[in-house]
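Hi,

Here is the structure I promised to pass on. Have a look at it first, and then read my notes underneath.

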Amino acid sequence: MKIVVLAGGLSTERDVSINSASKVCKALREKGHQAVILDIFLGHGKTGDSLEGIFEGDPQLTQMSDTIQSVDPDLEAVKAMRTENPDCLFGPNVIEICRMADIVYMGLHGAEGENGKVQAAFDVLGIRYTGSGYLGSAMAMDKGVAKKMFQAAGIPTPKGFTVKKGEKDSVKRVVSEFGFPCVVKPCCGGSSVGVSFAENEAQYQDALELAFRYEDEVVVEECIHGREFSAGVVAGEALPVIEIIPKTGFYDYKTKYQAGMAEDVCPAELSEALTKEMQGYALDVYRELKLEVYGRIDFLLNEKNEMYCLEANTLPGMTPTSLLPQEALAVGVDYGTLCEKIIQEALKKYK
């Protein structure tokens, strides 16, 4: 098949996206597909260029480094690399090349790729793609909306609320509803970018200031101390649960993407009952948020074995050592086969 692996963009998770997409593209080419990697923002060439033979040449249509830095990327520098219609998310020839493909593998991460806007545009343009549709993507990306959905469905989740930029006296609500310490995070961010823990009011104000640098709405939650887990779902079936054990601190951007910063255990060392319970909630989240094809749901488990669902990832990281591929490997599905399975499952939506 002719496959575009779409990556990059203007998300804080740009580097993560490019790294994942590079690995996916390589795996698909090894499986015999004509796969190419394309940056959604930088695009390929100039508008009007000939695209003949685009799937037969260099697989990297946009030249990009797949190295993940220890800090989130300089997006202003990325914007400066493009002069043609810089106010449009889709770079030169992106739509044209995606329309030429049999399917687009969504290698995007973060708000620009997971908030449903790209999916909605592709639906209108008749472009087939992997992952959830625009509605499920939008609901999962917005942590405030997802939390309300969890609460309505009886899925355990930390107590919390949203705060908009300029809103006053939210600290009073923290004190009255769950107290300090608390967690402050951008509403629609990913990879823990902009996330802070606050032990008191002064730290809380600093945490708000940091989170508001990324978005105009943030989520404030009670702080749950416990073990961190993730449960993948592919084609409506739960994968083995994986435990993430950070070497220091919490599972932040640096810990996620720098080698040796965390240990992953899969299958997680949990009782059969707790494993089934967590997988059951993962499937509940998958259904309630109207997710499709695949996803990954993150959990915390406290010392009383009470579990809390944190969020759902509609386009989880896809390097061979990312969480979802490790879970699939635990049931005998290797990385390349997982990439193909995601495509095959996505194509079922278009029959």
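Below is what turned up, going from the cores to the cavity and then the salt bridges.

A quick word on the ground rules: this is a predicted model, where local features need pLDDT of at least 70 and side-chain atom pairs count only at pLDDT 80 or more, while totals for chains, interfaces and linings use all residues. Residues are numbered from 1 along each chain as its sequence is written, and side-chain values use heavy atoms, with hydrogens and water left out.

Let's start with the inside. A nonpolar core here is a set of buried Ala, Val, Leu, Ile, Met, Phe, Trp, Tyr and Cys residues joined through side-chain atoms within 4.5 Å. Buried means under 20% relative accessible area, exposed over 50%, and partly exposed in between (1.4 Å probe, protein chains only). The largest core has 52 residues, and Val4, Leu6, Tyr105 and Phe122 have the most contacts inside it. Helix α13 gives the most to this core, seven residues (helices are DSSP runs of H or I, at least four residues, and strands runs of E, at least two, numbered from the N terminus). There is also a second, separate core of 26 residues, with Leu274 and Met307 among them.

Now try clicking on Tyr105. Leaving aside neighbours within four places in sequence, Tyr105 is in contact (heavy atoms within 4.5 Å) with residues including Val4, Leu6, Tyr294 and Ile343. Tyr105 also helps to line the largest cavity, along with Ser20, His109 and Met318, among others. A cavity is a set of points on a 1 Å grid over the protein atoms alone where a 1.4 Å probe fits but cannot get out, and lining residues have an atom within 4 Å of a point. The volume of this one is about 30 Å³, counted as the space filled by probe spheres set on the points, which are joined across faces, edges and corners.

Last, the charges. The whole structure has 12 salt bridges, each a side-chain nitrogen of Lys or Arg within 4 Å of a carboxyl oxygen of Asp or Glu. Asp39 and Arg14 form one at 2.7 Å, N to O. Asp39 is in strand β2 and Arg14 in helix α1, so this pair ties together parts 25 residues apart in sequence. Glu221 pairs with Lys147 at 2.8 Å, N to O, and both of these residues are buried. By contrast, Glu272 and Lys276, another salt bridge, are both exposed.

Cheers

Methods: On a 1 Å grid over the protein atoms alone, a cavity is a set of points where a 1.4 Å probe fits but cannot get out, and a pocket is an open set with protein on both sides within 12 Å along at least five of seven lines; lining residues have an atom within 4 Å of a point.
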